[in-house]
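Open the model in your viewer and keep the selection box at hand. Each stop below gives you something to select and tells you what is there.

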Amino acid sequence: MYPTIHSPGEAASAVLQIANALADIDSLAVCRRQETGYFVIAAVNNREHWLAARSFLPFFRAPLTPCLAAAGRMASAGCITIDRVNEKDWMGTTSLAESLNNRSLLYLSALPDEKSPHYPGLCLIHSSPISLKPEIKTALSNIALLMAYNADLEAASLTDSLTGLFNRRYLSYLKQNAAVPQYSVLFVDLDRFKDMNDRYGHEAGDSLLVQVAERLRCNLRKSDVPIRYGGDEFLILLPHLDHADTLLLITNKILAAMEEPFVIGQIEVKVSISAGSRFHPGGSLSLEELIALADQDMYAAKRKGRD
């Protein structure tokens, strides 16, 4: 009887069982690139016991190809081989450097990494140079392609079809399948959006939401995560903020951007927004608790009739 797959982690574990049967390698991992390195979704350890799910491989710095090209060689699109890892090639922590020193590494992804930054890949680590038969490498590459296809399906399920932003389900995905950095949060809600829909129609309302989403994108940092939380509500996750003043600066920048008129068909429309935020450099509050508090702040601002 085949196992039931409930999550990307379980799917990754199933992939690794196949890869482990195909290749006699010390350790394998399914990794997905994040801002500060590669996040391990699942791992099979025959020797490298430091490698585990939900850990980071910080020696893979984005983009992967330029970082490793000097130390290894590009065997094919999406395939990078390093025969021996040594200190001069190292970009990670000392403890991981000691673990990987003099190991061989093979990384397989669907496409060259700079073209597929969100795709997961297969990482193979071995105590001696990795030499795979062509048919085995082809099989592993096909597995990487299948993982990329599944990643596209997964991305579609997490994306709002109207605005192109992440949808609310992304929060659950983030909690289950990524190492969550410490976020501060900002909640934004359009005032009297229902009146806008009633007056100009739902197509005009959709056009306004698309333009609001685009202004959010243009006024956020690359690392910030805008989410269409529902209806006319938007949530922004802001990682690695050291000072509350930075959150205030970003909030004011977004408020100022929304003051400019929106063009809906042949008319210009001005809208106001209400915002609530919570700065959280560290502590015991969960992301869910921070979102709830920022939501309360936003509705308090809306009741007062001001931003």
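The tour goes from one helix to the cores, then to salt bridges, a buried alanine and a surface patch.

**Before you start**

This is a predicted model: local features need pLDDT of at least 70, side-chain atom pairs count only at pLDDT 80 or more, and totals for chains, interfaces and linings use all residues. Residues are numbered from 1 along each chain as its sequence is written, and side-chain values use heavy atoms, with hydrogens and water left out.

**Stop 1: helix 6**

Select residues 193-200, which form helix 6. Helices here are DSSP runs of H or I with at least four residues; strands are runs of E with at least two; both are numbered from the N terminus. Which residues of helix 6 are buried? Phe193, Met196 and Asn197 are. Buried means under 20% relative accessible area, exposed means over 50%, and partly exposed lies in between (1.4 Å probe, protein chains only). The three buried residues sit on the same side of helix 6, because they cover an arc of only 100° around the axis. That arc is taken from the directions that run from the helix axis to the C-beta atoms.

Now turn to the face pointing away from the buried side. Lys194, Asp198 and Arg199 are exposed there.

Next, show what covers the buried residues of helix 6. The cover includes strand 8 (183-190), helix 7 (202-218), strand 11 (262-264) and strand 12 (267-269). Just after helix 6, stop at Gly201: its phi is positive, about 100°.

**Stop 2: Phe193**

Select Phe193, in helix 6. Phe193 counts as buried because its relative accessibility is 11%. Leaving out residues up to four places away in sequence, Phe193 touches Gly205, Leu208, Leu209 and Asp232. Contact means heavy atoms within 4.5 Å. Then draw a C-alpha to C-alpha distance from Phe193 to Ile273: 9.6 Å in space, for 80 residues in sequence.

**Stop 3: the nonpolar cores**

A nonpolar core is a set of buried Ala, Val, Leu, Ile, Met, Phe, Trp, Tyr and Cys residues joined through side-chain atoms within 4.5 Å. How many residues does the largest one have? It has 28. Select Leu208, Val212, Leu216, Phe234 and Ile254, the residues with the most contacts inside this core. At least two core residues come from each of strand 8, helix 6, helix 7, strand 10 (233-239), helix 8 (244-259), strand 11 and strand 13 (273-278). Helix 7 gives the most, with six residues.

Zoom in on Leu216. Not counting residues up to four places away in sequence, Leu216 touches Phe234, Ile236, Ile254 and Met258. Another core lies apart from this one; it has 21 residues, including Leu16, Ala23, Val44 and Ile136.

**Stop 4: salt bridges**

A salt bridge here is a side-chain nitrogen of Lys or Arg within 4 Å of a carboxyl oxygen of Asp or Glu. By this rule there are seven.

- Select Lys302 and Asp189. Their side chains form a salt bridge, 2.4 Å from N to O. Lys302 lies in helix 9 (residues 287-304) and Asp189 in strand 8, so the pair ties together parts that are 113 residues apart in sequence. Lys302 is partly exposed at 27%, whereas Asp189 is buried at 4%.
- Select Arg217 and Glu214. Their closest N and O atoms are 3.0 Å apart in a salt bridge. The two are three residues apart in helix 7, about one helical turn. Arg217 is partly exposed at 33%, and Glu214 is partly exposed at 38%.
- Select Arg221 and Asp224. This salt bridge has its closest N and O atoms 2.6 Å apart. Arg221 is partly exposed at 31%; Asp224 is buried at 6%.

Finally, select Asp189, Asp191 and Lys302 together. Salt bridges with shared partners join them into one network.

**Stop 5: Ala294**

Move to Ala294 in helix 9. Is Ala294 buried or exposed? Ala294 is buried, with a relative accessible area of 0%. Beyond its neighbours within four places in sequence, Ala294 contacts Val185, Phe187, Gly276, Ser277 and Arg278. Ala294 and Phe187 are 107 residues apart in sequence, yet 6.0 Å apart in space, C-alpha to C-alpha.

**Stop 6: a surface patch**

End on Leu146, Tyr149 and Leu153, which make a nonpolar surface patch of about 330 Å². Tyr149 is in helix 4 (residues 134-157). Patch residues have over 30% relative accessible area and no salt bridge; like charges are joined within 9 Å, and nonpolar side chains (Val, Leu, Ile, Met, Phe, Trp, Tyr) within 5 Å. Areas come from the Shrake-Rupley method with a 1.4 Å probe, and for residues only the protein chains shown count as cover.
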